[in-house]
Amino acid sequence: MRKQHSSAVCNTATSAGKFDQFRGRMIAPQACARELGVSEFTIHRWIRDGKILAVKLSARCTRIDGDSVADHMVASTFVPGRKEEQPEHLRRDSHKGGKHSATEIAGQA
């Protein structure tokens, strides 16, 4: 009898391996966009926002660091069951006094 793995356990390894094709390469923005299924504008926005690293070789020639693309894609991939920490200012217990009535929250108190 074969042992079956749950998809949630294998999903992390699969998503990391899926982007290994970019590692150790310098990639043109057009090719990167095509492989990831996003627009070229999105790739340039990621470069501008510092999410991925790129080198401008000339006025019309840009190459993207494949390692930074793989790292960015793995970090932004959704993994079912992974819980992210809620920001402090959105936590219910972060307000002083603890519990509030509906009128206090609405600002009518």
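Let us start where two helices meet: α2 passes α3 in a right-handed crossing. On the α2 side, the contact is made by Pro29, Gln30, Cys32, Ala33 and Leu36, and on the α3 side by Glu40, Ile43, His44 and Trp46. These residues divide into six nonpolar, two polar and one charged. Helix α2 covers residues 29-36 and helix α3 covers residues 40-48; they pack at an angle of about 110°, and their axes are 8 Å apart. That angle makes α2 roughly perpendicular to α3, because angles of 65 to 115 degrees count as roughly perpendicular. Please keep in mind that this is a predicted model.

**The whole protein**

Now let us step back. The protein has five helices and three strands. Following the sequence, you will meet them in the pattern α-β-α-α-β-β-α-α. The protein has 109 residues, and 21% of them count as buried. Its accessible surface comes to about 8700 Å², with 53% belonging to carbon and sulfur atoms. How many of the contacts between residues at least 6 apart in sequence join residues at least 24 apart? The share is 50%.

**Three residues to look up**

Here are three buried residues to find in the structure.

| Residue | Location | Relative accessible area |
|---|---|---|
| Thr62 | strand β3 (residues 61-65) | 12% |
| Ala70 | helix α4 (residues 66-76) | 0% |
| Phe22 | loop between α1 (7-18) and β1 (26-27) | 1% |

Why does Thr62 count as buried? Its relative accessible area is 12%, and buried means under 20%. Leaving aside residues up to four places away in sequence, Thr62 touches Ile27, Ala28, Pro29, Ile47, Ala54, Val55 and Lys56. Pro29 is also one of the α2 residues in the contact with α3.

Phe22 sits in the loop that runs between α1 and β1. Which residues does Phe22 touch, not counting residues up to four places away in sequence? They are Ile27, Glu35, Leu36, Gly66, Asp67, Val69 and Ala70. Leu36 is another name you have met, as part of the α2 contact with α3. Phe22 and Val69 are 47 residues apart in sequence, yet their C-alpha atoms are 7.0 Å apart in space.

Ala70 brings us to helix α4. With residues up to four places away in sequence left out, Ala70 touches Phe19, Phe22 and Arg23. There is a long step along the chain here too: Ala70 and Asp20 are 50 residues apart in sequence and 6.5 Å apart in space, C-alpha to C-alpha.

**Helix α4 and its neighbours**

Ala70 has buried company in its own helix. The buried residues of α4 are Gly66, Ser68, Val69, Ala70, His72 and Met73. Among them, Gly66, Val69 and Ala70 are touched by Phe22. Against which elements do the buried residues of α4 pack? They pack against β1, α2, α3 and β3. Helices α2 and α3 are the pair whose right-handed crossing opened this tour, and β3 is the strand that holds Thr62.

Key. Residues numbered from 1 in each chain as written. Predicted model: local features only at pLDDT ≥ 70, side-chain atom pairs only at ≥ 80, totals over all residues. Heavy atoms only, no water. Helix = DSSP H or I, 4+ residues; strand = E, 2+ residues; numbered from the N terminus. Buried < 20%, exposed > 50% of the residue type's maximum accessible area, 1.4 Å probe, protein only. Contact = heavy atoms within 4.5 Å. Areas by Shrake-Rupley, 256 points an atom, 1.4 Å probe, with all protein chains shown as cover. Axes fitted to C-alpha atoms, helices over the stretch in contact; angles between N-to-C directions. Parallel < 35°, antiparallel > 145°, perpendicular 65-115°, else oblique. Left-handed = near helix turned anticlockwise from the far one by under 90°. Nonpolar A, V, L, I, M, F, W, Y, C, P; charged D, E, K, R; others polar.
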